[in-house]
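User: I am new to this structure and would like to go through it step by step. Could you take my questions in turn and explain how each answer is reached?

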Amino acid sequence: MCKSPEYICTILPPHILTKMTESNRHRERALRTIALTERARGRRSILGTMLGSVPTGTLRRTIYDAQTSERLPGTFVRGEGDAETSDVAVTEAYKYSGNTYDFYKQILGRNSVDNNGLRLDSTVHYSQQYDNAFWDGRQMIYGDGDGELFNRFTLDLDVIGHELTHGVTQNTAGLEYAGQSGALNESMSDVFGTMVKQWVLGQSVDQADWLIGAGLFTTAVTGVALRSMKDPGSAYNDSQIGKDPQPKNMANYLDTTEDNGGVHINSGIPNYAFYLAATSIGGNAWEKTGKIWYETLTKRLSPKSDFQSAADGTVSAAGDLFGQNSNEQKAVIDSWTRVGIRPASAPSIKTVGASR
Ligand SMILES: [Zn+2]
């Protein structure tokens, strides 16, 4: 769920599926996943934004089972407060969407992705050997993975936090899903996705793994996760899915027309800035650094904001939250400078962009 209705924010970056089409063994499956995602994109355009999404004012999760078909939403299997079933994908989709809701509510004071109690619907067992998960503008959809390269896509809490954060971004900054604003959109999803996981696990910045999608790969893949926030570009290097292409400095920014202008690639740069700020500020990421980023996402960015706007916005937010020239603000300035973006000089930074 990004800015424009034709975009579907899938967790698997397109370059991985493209690489898989080069192999006889994986080509057919990869092409099917790509085609099904295209179909979902068409459905998304027809649905329009948020159609059918009924605010409930509180947490309400509903899990459906597509039973390996492509029919959506599928058969109802578990509603809010219902007992756990024996299906692990149902359990994970239910539990992790609840964790994400709780994180936003308890830590950031936000009531679901729209701040109005939007219900959280999920469909598991979508299609056969489907290698992806996405939010289609009204619900989450999870494939079971092919079992050969990818495990089931409900496995990671940070993946579910990532996808639901796309909903938060649309309802706040509305970052357009292309170029730098698109890479910022992706980065915000990684930032809050990893924080949901760290919060649930009670991990400080030093204890966290800073990985997105750890566990999604089977043992047949040489890699640890889809992305690494602590060392972008190092998450995987494998003959079947390629090498992690993420840069972590503006010097290596990738100008490309693929992937909506590299939204899943250049997001490594703001991801690394967040990691550097969080580890420099220390403690739990959600207590200070996360609040600076949330304040920026919800009040200081707008659809066309770029990396510079994000740098200036976070410096400004850090000043408002923790004081001008505070250690927190200095850490934020230093983190962006280290990824090759120089924030406008603090402390006299004006609010960037209009709040939405
Ligand atoms: Zn995404």
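Analyst: Before the questions, one definition is needed: rings of Phe, Tyr and Trp, the last taken by its six-membered ring, form a pair if their centres lie within 6.5 Å. The structure shown is a predicted model.

User: Which residues do ring pairs link into a cluster?

Analyst: By the rule just given, the count in this model comes to 18 aromatic pairs. Some of these pairs share residues, and the cluster that ring pairs link is made of W210, Y272, F274, Y275, W293 and W336.

User: Where does W210 lie, and is W210 buried or exposed?

Analyst: W210 is found in the loop between α5 and β7, the latter spanning 211-212. Its phi is near 55°, which is a positive value in a residue other than glycine. Because buried means under 20% relative accessible area, and W210 has a relative accessible area of 1%, W210 counts as buried.

User: How is the aromatic pair of Y64 and F76 described, and which of the two residues counts as buried?

Analyst: A pair of aromatic rings is described by the distance of the centres and the angle of the planes. For Y64 and F76 these are 6.3 Å centre to centre and 75° between the planes, and the pair is edge-to-face. The pair links distant parts of the chain, with Y64 in strand β2 (residues 61-65) and F76 in strand β3 (residues 75-79), 12 residues apart. F76, at 48% relative accessibility, counts as partly exposed, whereas at 13% the residue that counts as buried is Y64.

User: What joins L72 and P73?

Analyst: P73 is found in the loop between β2 and β3. Omega between L72 and P73 is about 5°, and the two are joined by a cis peptide bond.

User: At what angle do the axes of α5 and α7 cross, and how do the residues of their contact divide by class?

Analyst: The axes of helix α5 (residues 179-201) and helix α7 (residues 268-281) come within 8 Å and cross at roughly 35°, and the crossing is right-handed. On the α5 side the contact is made by A183, L184, S187, D190, V191 and M195, and on the α7 side by P270, N271 and F274. By class, the residues of this contact divide into 6 nonpolar, 2 polar and 1 charged.

User: How are α8 and α9 oriented to each other?

Analyst: Helix α8 (residues 289-299) and helix α9 (residues 307-322) have axes that come within 8 Å and cross at roughly 120°. In α8 the residues of the contact are K291, I292, W293, E295 and T296, and these meet residues of α9 including A310, G313 and A318. Angles of 65 to 115 degrees count as roughly perpendicular and those over 145 as roughly antiparallel, and α8 and α9 are therefore oblique.

User: Where does G323 lie, and with which residues is G323 in contact, leaving aside its neighbours within four places in sequence?

Analyst: G323 lies in the loop between α9 and α10, where α10 spans 327-338, and with a relative accessible area of 24% it is partly exposed. From N237 it is 86 residues apart in sequence and 42 Å apart in space, C-alpha to C-alpha. Once its neighbours within four places in sequence are left aside, G323 is in contact with A318 and Q329.

How values were computed: Residues are numbered from 1 along each chain as its sequence is written. This is a predicted model: local features need pLDDT of at least 70, side-chain atom pairs count only at pLDDT 80 or more; totals for chains, interfaces and linings use all residues. Side-chain values use heavy atoms; hydrogens and water are left out. Axes are lines fitted to C-alpha atoms, for helices over the stretch in contact, and angles run from 0 to 180 degrees between N-to-C directions. Helices (H or I, at least four residues) and strands (E, at least two) are DSSP runs, numbered from the N terminus. Angles under 35 degrees count as roughly parallel, over 145 as roughly antiparallel, 65 to 115 as roughly perpendicular and the rest as oblique. Contact means heavy atoms within 4.5 Å. Rings of Phe, Tyr and Trp (its six-membered ring) pair if their centres lie within 6.5 Å; planes under 30 degrees apart count as stacked, over 60 as edge-to-face and the rest as tilted. Buried means under 20% relative accessible area, exposed over 50%, partly exposed in between (1.4 Å probe, protein chains only). A crossing is left-handed if the near helix is turned anticlockwise from the far one by less than a right angle, and right-handed if clockwise. Ala, Val, Leu, Ile, Met, Phe, Trp, Tyr, Cys and Pro count as nonpolar, Asp, Glu, Lys and Arg as charged, and the others, Gly among them, as polar.
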